[in-house]
Amino acid sequence: MGMQHTPLTMSRIISRGATIQPNSEIVTATEDGVRRQTYMETVQRSHQLANALCEAGIEIGDRVGTFMWNSSRHVEAYHATANMGVVLHTVNIRLSPVDLEYVINHADDKLMIVDADLLPILEQLQERIPWVERYVVAAEPGFEDWETTLPNTIDYEEFISGMSDEFVSPHIDENEALGLCYTSGTTGNPKGVEYEHRSQFLHTLAICMTDAMSLSATDTLCGIVPMFHAMGWGLPWAGLMLGCKQVLPHRFMSPDRLVDLIAQEQVTLSAGVPTIWQGIKAFLEQNPNGCDLSHLSRLTCGGSAPPESLVEWYWDELGVEMIQGWGMTETSPLGTLARRTSKLWHMDAAPSQLTQNSCKAGLLMPGLELDVFDEDFNRLPHDGETVGEILIRGPWICSEYYRDPQPSKFHKDWLITGDVGSIDPEEYLIIADRSKDLVKSGGEWISSVDLENHIVAMEGVRQACVVAQPHPKWDERPVALVVLDDSASVTVEEIASHCALKFAKWQLPDDVLFVDQIPLTSTGKLDKKNVRSQLEQDGYVLPDLR
């Protein structure tokens, strides 16, 4: 008992950046340029927001939803709710209407902060999300004259106007909830993961390590990964703690605009899914002399494994290290990272060997335990060849889902990740496959099972099987194989229209193939491995690649 037991609450570290780097900037992209504010202004405005939320009746433990792009106002919401002991529910703006309705109601969001350009999406749901008592509308330039049919709305600036820019954080237990994120693409309804103050405090420290993202106050960070994806991979918290300059793209996600932001703001580190980096690579190849990216030193890539050719290109052409990471919403999300020189004995290794290691899922973060197991939960050898179920545990790993314990997703105190893979002799994790055959498109999960069940519900459809097919831009896209009843005349267009009733446009199958039968395993399940193999043997190509 020789040390003080200071609670590990986020309120203790998120104002540090403004204290030590008060003039460091948070830059938000706008239609015609950028909008700038200092860290000190950001913290003062977050205190105004906290006081406004208190006056609106928001109390410790209440859920406040954000329906927003990456912006300084979104950062203010992170800071304000953490100081208040309020749970921030970062709602994925890309979910289908059905899933949006579910997560907002399941979370019991009491108030929502929404970007003005996203109002039409929530207007479609206004009769179906009765628990939301108030909407605070954040308007960037060009949207100041917003109008909406949503009830009880107020402009963000009016909401915080006149509020004190000082706020004293109440006592918060370190094990209390800080944030709430829902997984996408899982079987059935999205699953909620509740982040705690203690877990995110430790996660924030971990991602700043030299052997992780090597993030410091001297960096300029461009978080392209949405702040509604596993709380922006924890980067908003790290930025607030360090006081490093942050560059936030809002809705302006085209490769040319991102490249311009990275160049003009002299970004040193950026984070996003492979689709982003593939798009930027294509733009730079077409415009080789257009931008000065000499300040950029590293890119963090997550969501799915980047192609080896992509990792090589960034290193060879730009001298930029692509840091591959593995994790999931349930792991906050950082589980492993693969640095190009993360093993000392690789310093003199051939470039190809360094690239190969960079493309692996990486090495485990300190404080976590991870291993591969057989079906009886026996540990498997770390030989890089023996494949098993990947399980993980640690202080920022989910122990149960929010209001939906899902005991089958856990083994004792281990999280069953749903991924399968191996660990090589140098302790690199290698992802082999996804045990639930999820499709990962542009960094987002698509549930093949949910699509199949929805298609089979159509009259005239006997059987359906959805598998992933490789795509150079989106990583994977879903393709549906359908067996019809005798004499049925269901069309591709009818299946597409039927799926659109439940699923977002990006979740719809890219192609529908009518077949006489679908191969089954010995236990009567759809043999998706066989289906994928047969499509490859037949030389199948997605429609937009033909």
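Helix 4 spans residues 97-107, and its buried residues are Asp-99, Leu-100, Val-103, Ile-104, Asn-105, His-106 and Ala-107. This is a predicted model, so treat what follows as a look at computed geometry. Beyond helix 4, the other big topic here is charge pairing: a search of the whole structure turns up 27 salt bridges.

**Helix 4 and its surroundings**

- Several strands help cover the buried residues of helix 4, including strand 3 (63-67), strand 4 (87-90), strand 5 (109-115) and strand 8 (177-182).
- Helix 5 (119-123) is also part of that cover.
- Right after helix 4 comes Asp-108, and its phi is positive, near 60°.

**A buried pair: Lys-245 and Glu-265**

- Lys-245 and Glu-265 form a salt bridge, with 2.7 Å between the closest N and O atoms.
- The two partners come from distant parts of the chain, 20 residues apart: Lys-245 belongs to strand 11 (residues 245-248), while Glu-265 sits in the loop between helix 9 (255-264) and strand 12 (269-272).
- Are these partners buried or exposed? Lys-245 is buried at 17% relative accessible area, and Glu-265 is buried too, at 6%.
- Both values count as buried because the cut-off is under 20% relative accessible area.

**A pair within one helix: Lys-281 and Glu-285**

- Lys-281 and Glu-285 meet through their side chains in a salt bridge, 3.0 Å from N to O.
- Why can these two be linked by about one helical turn? They are 4 residues apart in helix 10 (residues 274-286), so about one turn separates them.
- In general, an α-helix has 3.6 residues a turn, so residues three or four places apart point the same way.
- Glu-285 counts as partly exposed, with 43% relative accessibility.

**A loop-to-strand pair: Asp-485 and Arg-462**

- Asp-485 pairs with Arg-462 in a salt bridge whose closest N and O atoms are 3.5 Å apart.
- Asp-485 is in the loop between strand 25 (475-484) and helix 14 (492-500), and Arg-462 is in strand 24 (residues 461-471), so the salt bridge ties together parts 23 residues apart in sequence.
- Asp-485 is partly exposed, at 32% relative accessible area, and Arg-462 is partly exposed as well, at 44% relative accessibility.

**A shared network**

- Which residues are joined into one network by salt bridges that share partners? They are Arg-35, Arg-45, Arg-73, Glu-76, Glu-140 and Glu-157.

Note on methods: Residues are numbered from 1 along each chain as its sequence is written. This is a predicted model: local features need pLDDT of at least 70, side-chain atom pairs count only at pLDDT 80 or more; totals for chains, interfaces and linings use all residues. Side-chain values use heavy atoms; hydrogens and water are left out. Buried means under 20% relative accessible area, exposed over 50%, partly exposed in between (1.4 Å probe, protein chains only). Helices (H or I, at least four residues) and strands (E, at least two) are DSSP runs, numbered from the N terminus. Contact means heavy atoms within 4.5 Å. A salt bridge is a side-chain nitrogen of Lys or Arg within 4 Å of a carboxyl oxygen of Asp or Glu.
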